[in-house]
Amino acid sequence: MRRPVALRISAASAAMALAAAVGVTLSMSEASAATGSATGYATQNGGTTGGAGGQTVRATTGTQIHAALCSRAASNTPITIEVEGTINHGNTTKVSGDSCNTAAGVIELKQISNVTLVGVGSGAVFDQLGIHIRESSNIIIQNVTVRNVKKSGSPTSNGGDAIGMESDVRNVWVDHATLLASGGESEGYDGLFDMKDNTQYVTLSYSILRNSGRGGLIGSSESDLSNGYVTFHHNRYENIDSRAPLLRGGTAHAYNNHYVSLNESGINSRAGAKAKVDNNYFEDSKDVLGTFYTDQRGYWQVSGNVFDNVTWSSPGTENYPAGPNPQSNTTVSIPYSYSLDAAACVPDVVSRTAGAGTGLKVSDGNCSAQTPTPTPTTPPTTPTPDPTQPSGTNLSIGAGSDGSSKADGTSYGSVRDGDMSTYWSPSGSTGSVSIKWGSATAVSSVAIREAAGSTGAIGSWRLLNADTGAVLTTGSGAGVVTFPQTSLKKITFEITGATGTPKVAEFETYA
């Protein structure tokens, strides 16, 4: 039975679906930095580490993302860009510099390397704005939502691809992403995850691809056969017409994915492509594996898959379904290690781990979800607070203050009143509080004083230049911390871990 494709869902239903997909709010401890390590083919060819070891900056607009890329010393200087908020055409402009090549109306990762783009805080939503990776390498994209990117109509971005890679791209890991459309090509959309023109060593993991005519492709035509070595694992494909994915040449590995409502075809291996298809769960779908719409055959090796209410068409001159009893017609050697969940539990474990806003949880290989160890960001070491009192005037007295959250009965102003008996607390165990001035002020040290009875509650933290989003330093525990003198209008103390309820009595700043 053919199911309604995404383009037939009502506008109201689409809006509600999108709101539900991006409405989850995470605390900073749940999604504050790039987490875990690359898997699959992204571990090959030297590996994929993104911006590890480089500076970490915060961006709330597309222009700020471009500015962060352009501010680096060189196009290969490592950088992690933490993104929070909605990125759209209105806040994404071209920024120029020697270390970047950007464009308006798209997040352009072009002719660069060693970059991590990660959603943090309340989430990162790229609204009608695609992410374009071109002539680049060692890129990580994690914990982001990309929705409704169009190639026709208005506004357009990235050729209609949510995430598109082309022209000599190497080593990309996309993880815990949610990629959404609201229809097919006639509604202006193209692919959700496309690779072409010599793109290799890519992994898509723990992601959701939904409501699109086209899931994605490897190779733009039967002659574009320079792509491959792509891994797809623990993803959910839902209400996709075709291309889940389309493989033209090259090698792909698909394991532990949940495919629901593939309306016309699924994994389409053609033009000599080879696909290893392990322990996936195919549900309520049609022609989930085979060669379709061409007489140039592809190949597959299958094992451990579940086919739940899957229908198969009859073979024809341009239609070679693998079913109704799929059998291997090739062998595929996989060069990396991986753990397979049993196919029967894939719908459950994928529902708890896939997509943005799920806490970056992963499977442990035994059908259970777990939170991976955070990947350290710069600075990689934890400074020891100086127990001595800084010299000079406390610049916080008479300044302003604000924050991300506050518990009932507390005030941001209590951290700058010189009174240890008053304090600010976040509404949960994590949160941030800021000191701000009307003009740029030089600061080189801060003192964080905990209120009586809460000593030791503050765990890990970051100190941010709130003007630029740059991380001044990180550490754990309250006390005095020094850093290179910085001129800024606003400085933020962000608690990312705590035991009990943290209470900040004073947030003192000194020149």
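**Notes on the cores, charges and rings of this model**

1. Let me start with the packing. The largest nonpolar core counts 67 residues, and Ile 81, Phe 126, Ile 131 and Phe 193 have the most contacts inside it. Please keep in mind as you read that this is a predicted model. A second, separate core holds 22 residues, including Val 446, Trp 461, Val 481 and Ile 495.

2. Phe 126 is a good residue to click on. Beyond its neighbours within four places in sequence, Phe 126 is in contact with Ile 65, Val 83, Ile 87, Ile 107, Leu 117, Ile 131, Val 144, Thr 145, Val 146 and Arg 147. Two names on that list, Ile 65 and Arg 147, come back in the next points.

3. Ile 65 belongs to helix H2 (residues 62-70), where the buried residues are Gly 62, Ile 65, His 66, Ala 68, Leu 69 and Cys 70. What lies over these buried residues of H2? The cover includes strand S1 (55-59), S2, strand S3 (107-110) and S4.

4. Arg 147, a contact of Phe 126, also forms a salt bridge with Asp 127, with 3.1 Å between the closest N and O atoms. Arg 147 lies in strand S7 (residues 145-147) and Asp 127 in strand S4 (residues 113-127), so the bridge ties together parts 20 residues apart in sequence. Are these two partners buried or exposed? Both Arg 147 and Asp 127 are buried.

5. In total, the structure holds 19 salt bridges. One of them joins the side chains of Arg 462 and Glu 82 at 2.8 Å, N to O. Since Arg 462 sits in strand S30 (residues 460-465) and Glu 82 in strand S2 (residues 79-87), this pair ties together parts that are 380 residues apart in sequence. Arg 462 is buried, with a relative accessible area of 7%, and Glu 82 is buried too, at 1%.

6. The bridge between Arg 462 and Glu 82 does not stand alone: a network of salt bridges links Arg 58, Glu 82, Glu 84, Arg 462 and Glu 494. For a computational chemist, this group of charges may be a pleasant place to look around.

7. A further salt bridge brings together the side chains of Asp 190 and Arg 214, at 2.7 Å from N to O. Asp 190 lies in the loop between strand S10 (178-183) and strand S11 (191-196), while Arg 214 lies in strand S13 (residues 208-218), so the pair connects parts 24 residues apart in sequence. Asp 190 has a relative accessible area of 14%, so Asp 190 is buried.

8. Now to the rings. How many aromatic pairs are there? The count comes to twelve. In one of them, Tyr 41 and Tyr 336 are edge-to-face, with 5.1 Å from centre to centre and 85 degrees between the planes. Tyr 41 is in the loop between helix H1 (11-22) and S1, and Tyr 336 is in the loop between strand S25 (319-321) and helix H3 (346-353), so the pair ties together parts 295 residues apart in sequence. Tyr 41 is buried at 3% relative accessible area, and Tyr 336 is buried at 8%.

9. Tyr 255 and Tyr 338 make another pair. Their ring centres are 5.0 Å apart and their planes meet at 35 degrees, so the pair is tilted. This pair links distant parts of the chain, with Tyr 255 in strand S17 (residues 251-255) and Tyr 338 in the loop between S25 and H3, 83 residues apart. Tyr 255 is buried, with a relative accessible area of 5%, whereas Tyr 338 counts as partly exposed at 27%.

10. These tyrosines belong together: ring pairs link Tyr 41, Tyr 201, Tyr 229, Tyr 255, Tyr 336 and Tyr 338 into a cluster. A ring also meets a charge elsewhere: Arg 297 lies over the face of Tyr 320, at 3.8 Å from the ring centre.

11. Finally, a look at Ala 344, which lies in the loop between S25 and H3. Ala 344 counts as exposed, at 64% relative accessibility. Which residues does Ala 344 touch, not counting those up to four places away in sequence? They are Tyr 281 and Val 306. Ala 344 and Asn 279 are 65 residues apart in sequence, with 8.3 Å between their C-alpha atoms.

Notes:
Residues numbered from 1 in each chain as written. Predicted model: local features only at pLDDT ≥ 70, side-chain atom pairs only at ≥ 80, totals over all residues. Heavy atoms only, no water. Salt bridge = Lys/Arg side-chain N within 4 Å of Asp/Glu carboxyl O. Helix = DSSP H or I, 4+ residues; strand = E, 2+ residues; numbered from the N terminus. Buried < 20%, exposed > 50% of the residue type's maximum accessible area, 1.4 Å probe, protein only. Contact = heavy atoms within 4.5 Å. Core = buried A, V, L, I, M, F, W, Y, C linked by side-chain atoms within 4.5 Å. Phe/Tyr/Trp six-rings, centres within 6.5 Å; stacked < 30°, edge-to-face > 60°. Lys NZ or Arg CZ within 6 Å of the ring centre and 35° of its normal.
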